[in-house]
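Subject: A structure for you to explore

Hello,

Here is the structure I promised to pass on to you. Have a look around it first, and then read on for what turned up.

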Amino acid sequence: MSKYDFKVVVVGGGPTGLALANMLEQLKIDFVVLEAHSNITPRLGTGLFLSNSLRVLDQLGCLDAFYARADKVDDITVRLNGATMFSPATAEHFIQRYGYEICCSHRQDLLNVLLENLKDKSKILVNKRVHEIVETDSGVEVLTKDGEVYFGDIVIGADGVHSIVRKEMRRMAAKVSPNHPLVTEEEEGTIEYANMFGIAYIDKPFPPYLLAMEANQGRSYLSHGNAEGRIFWGLTEKLPVPIKGKNAPRYTQADIEALIEKRGEDEVFPGTTLRDLYKGSSEANGMQPLQNLVFDSWHFGRMVTVGDSAHKMVTLTGQGCNMAFQDAAALMNSLTRRLDKYGGKIPKEEIEAAFCETEAARQEHVEHSRQTSFDMQESQAMQNKMFVKLFPLVAKNMSLDAKHDVARSVMFNTAKLEKLPLPYRPHFIPFQDELPAKNIANGLWNAGAVAAYAGLWVGAKALCMSNDAPTSFLKTIFHHLTGLGQNAVPASGTATPAALYTTSLLSTMTVYWTLERYRRCNRQAMLGPLMKHTGFYSMAADVVGASAVVPAYLSLSAIKSADTVATVMVGRPVRLAAIKSLVPATIVSFAIAAVAFSVAAPSKGGVEAASLWRLAPLLIAPVTQIIYSQTKDEKLLKNDKKGFLDIDNSDLPALKSLYGAVTVAAAAAHLGFVVMPWLNGSSLPTMQLDMLRNRETFVLAGSLLGGAITSIVGTRLQGYVTTLGAVRAGLLSLLALPVVGPAAVFTAVLYWKEVTTAKFCFWKPEKDNSKA
């Protein structure tokens, strides 16, 4: 029963048309679907890859039925010039990351699932080839070749690449202006590739559920097998000369056989040639030109297009059907908002506003998908020379998270139906519509942060009156053992409190970079290995000076955070065993420094003895690794070939406790060395200023404050907090700065960031006790 006085005419009964029918039925909007052919579920076409549209199927209540007929994509291989990149357990990783598998389905199976899910199948009409659409004052009239006329308020074109709806839009637009974008768009877009496809059953072995990609000069192959021996396969061939979209050819059997003759001996998979697959293709063979274009205009008057009628892309990434389903969902969202507002009959200007809103919501995402698909196709066809040169290195060294993260940008912006419930499925990475704010690219901000850290170091050299850094422990030992070098000791006056205060700041930073070594993204990201050498950073800070090393480390961290692996929830967890090792390591390091100070204090001056506290930040990283190496954790990680070991939030309680303890300790140091001496009158304000004018103290304080601000802004850019929330966190940090100091502000912000981001991890297995 229709809820609104509103009717939709859907032209096209393919996957997009039947998906629209399900949406309209469940939203209680009257509709009719007009399909040109005699069979709504023909045994035509080949495999479809669905991933980021499965949320929509879930909302429609047919996901389980789809899973029952589809085949998962488990392992993925990419081969180029003998080098192979292997991604294991893709289906499991997709479920953990997004809650849904990546699946391969025969087009007919998907059509059957969608058709069977409809309660009223009488609204799906076959043999209804549309030949004209007439717009009236109150709606539209859709004329079919059998003489029937169908009335509606709007027409949705889901009729594919050769859309009659789009042609009618173009015809009507030409009456308005011969220069209308819809009229001139045929001249836009080029065809650079053709795709041959088939479904094969062969005697040669092909691993089930493997998606195999084979790169070759000027062409590429893609194949996927199931447990019954069925293989979906495709060859994508670079055309000698690009063709204008309006001149798209219709390929014949002769064209197919000529291409088989030319490429038949190519290996599609080790031991399997294209000719093997072609000979074994008993179900379907076909060849089509691959148009590559997102139209600027998706609608005209009361007509709108979705899916291939509005945009076309190469097939390598399997995004055509996924994008179409999400177009349909976005269109339904825009329509239902206005139907609820007007109670049925929507003014024409509001209908056009709904269409414009749909375009605005979808075009950027679709264009990104189109460009990504084309770039990947160019690489697979070895047109990207840099890709060809770097592939062996990347195939050997690319981490599992980096491989699986390729799909993240497409999955992240997945649309859903606002009016239908979405079943809960645990997933580790939030979707854009689950976050409180829009995700914003962070490249410019990260570049600015690097420039700011460099400017801090340069400015400190120019502005600070001294560089009375604490004595280098390693230099002192070297001097005593060899007599070489200089055993310089800071001058008197404020040198002792300055040395102790600077040591407290450096200790906070040392705890931070020691912890980061064991974070998943720093094991998995391409730049991660550079973050692992924490002992080196500690030694460099002691020998070269923290004023150079700390800004350099934070700059490297900012560059690394531009890597998407580092910005998603999967990269957040820290090894729990490492956190538990860091706590005693910090205590032991300060205990050793305290013993050294106690022994040296009677025989050395206060300033020189105080400098022995510098031993603590020097020891924290290596002592942590010594304790951690005694656990079984490293062995567990090495044996975790599929990369599932720490995709959970079990580290969060311990991490929060650690950050809390370090924040309290850092605040106590600031109160003891800076605030209390000034409040009780034992030192003049100028003495505190002189302490902060020390170059190393100034740079450390500025770096820690900069790190806090960068963390707050980064959390906002990733969408985990609103702009107002980020501003509030920034203001609170600045207000707290004089009281608790930069180190405490830094770790408090890190605590806030961990808690804030973990709230949007929708993953609650029994082993996860984080209560995030």
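Does glutamate 265 count as buried or exposed? Glutamate 265 counts as exposed, at 58% relative accessibility. Please keep in mind as you read that this is a predicted model.

**The whole protein**

Let me begin with the overall picture. The protein has 772 residues, and buried residues make up 56% of them. Its secondary structure consists of 27 helices and 22 strands. Among the contacts with a separation of 6 or more, 77% are between residues 24 or more positions apart. The accessible surface comes to about 31700 Å², and carbon and sulfur atoms account for 60% of that.

**Salt bridges**

Side chains of opposite charge can pair when their charged atoms come close. In this structure there are 35 salt bridges, and here are some to look up.

Let us go back to glutamate 265. Its partner in a salt bridge is arginine 275, with the closest N and O atoms 2.8 Å apart. Glutamate 265 sits in the loop between helix H8 (253-263) and strand E17 (267-269), while arginine 275 is in helix H9 (residues 274-279), so the pair ties together parts that are ten residues apart in sequence.

Next, find arginine 370 and glutamate 367, whose side chains meet in a salt bridge of 2.7 Å, N to O. Both residues belong to helix H11 (residues 348-380) and are three residues apart, about one turn of the helix. Arginine 370 is buried, with a relative accessible area of 10%, whereas glutamate 367 is partly exposed at 31%.

Then there is arginine 614, which forms a salt bridge with glutamate 696; here the closest N and O atoms are 3.1 Å apart. Arginine 614 lies in the loop between helix H21 (606-610) and helix H22 (615-629), and glutamate 696 lies in helix H26 (residues 695-717), so this pair ties together parts that are 82 residues apart in sequence. How accessible are the two partners? Arginine 614 is buried at 2% relative accessibility, and glutamate 696 is buried too, with a relative accessible area of 1%.

Salt bridges can also be followed from residue to residue: Arg337, Arg338, Glu350, Glu357 and Glu418 are linked in a network of them.

**A sheet of three strands**

Strands of a sheet pair through backbone hydrogen bonds, either parallel or antiparallel. Which order do the strands take in the open sheet of three? The order is E3-E7-E4, and the pairing is antiparallel. Strand E3 (47-50) and strand E4 (71-72) are the edge strands, each pairing on one side only. Between E4 and strand E7 (residues 103-106), the antiparallel pairing runs over two bridges. If you would like a place to zoom in, lysine 72 has cysteine 103 in E7 as its bridge partner.

**The nonpolar cores**

In soluble globular proteins, nonpolar side chains tend to be buried together. The largest nonpolar core here has 53 residues, and Phe6, Leu57, Phe66 and Met332 touch the most other members. Helix H10 (residues 320-342) supplies the largest share of this core, eight residues. A second, separate core has 44 residues, including Leu655, Val662, Ala667 and Ala701.

Phenylalanine 66 is a good residue to click on. Not counting residues up to four places away in sequence, phenylalanine 66 touches Leu50, Leu54, Leu57, Cys103, Ser105, Leu110 and Val113. You have already met Cys103 as the bridge partner of lysine 72.

**Two more residues to visit**

Histidine 299 is found in strand E20 (residues 299-300) and counts as buried, at 15% relative accessibility. Which side chain does the side chain of histidine 299 join in a polar contact of 2.6 Å? The partner is glutamate 359. Leaving aside neighbours within four places in sequence, the residues in contact with histidine 299 are Met169, Leu182, Val304, Glu352, Phe355, Cys356 and Glu359.

Finally, try lysine 461 in helix H15 (residues 443-463). Lysine 461 counts as partly exposed, at 45% relative accessibility. Lysine 461 and serine 547 are 86 residues apart in sequence, and in space they are 9.5 Å apart, C-alpha to C-alpha.

Enjoy exploring!

Best wishes

Methods
Residues are numbered from 1 along each chain as its sequence is written. This is a predicted model: local features need pLDDT of at least 70, side-chain atom pairs count only at pLDDT 80 or more; totals for chains, interfaces and linings use all residues. Side-chain values use heavy atoms; hydrogens and water are left out. A salt bridge is a side-chain nitrogen of Lys or Arg within 4 Å of a carboxyl oxygen of Asp or Glu. Helices (H or I, at least four residues) and strands (E, at least two) are DSSP runs, numbered from the N terminus. Buried means under 20% relative accessible area, exposed over 50%, partly exposed in between (1.4 Å probe, protein chains only). Two strands pair if DSSP finds at least two bridges between them. Contact means heavy atoms within 4.5 Å. Accessible areas come from the Shrake-Rupley method with a 1.4 Å probe; for residues, only the protein chains shown count as cover. A nonpolar core is a set of buried Ala, Val, Leu, Ile, Met, Phe, Trp, Tyr and Cys residues joined through side-chain atoms within 4.5 Å. A polar contact is a pair of N or O atoms within 3.5 Å; within protein, one must be able to donate a hydrogen and the other to accept it, and residues adjacent in sequence count only if both atoms are side-chain atoms.
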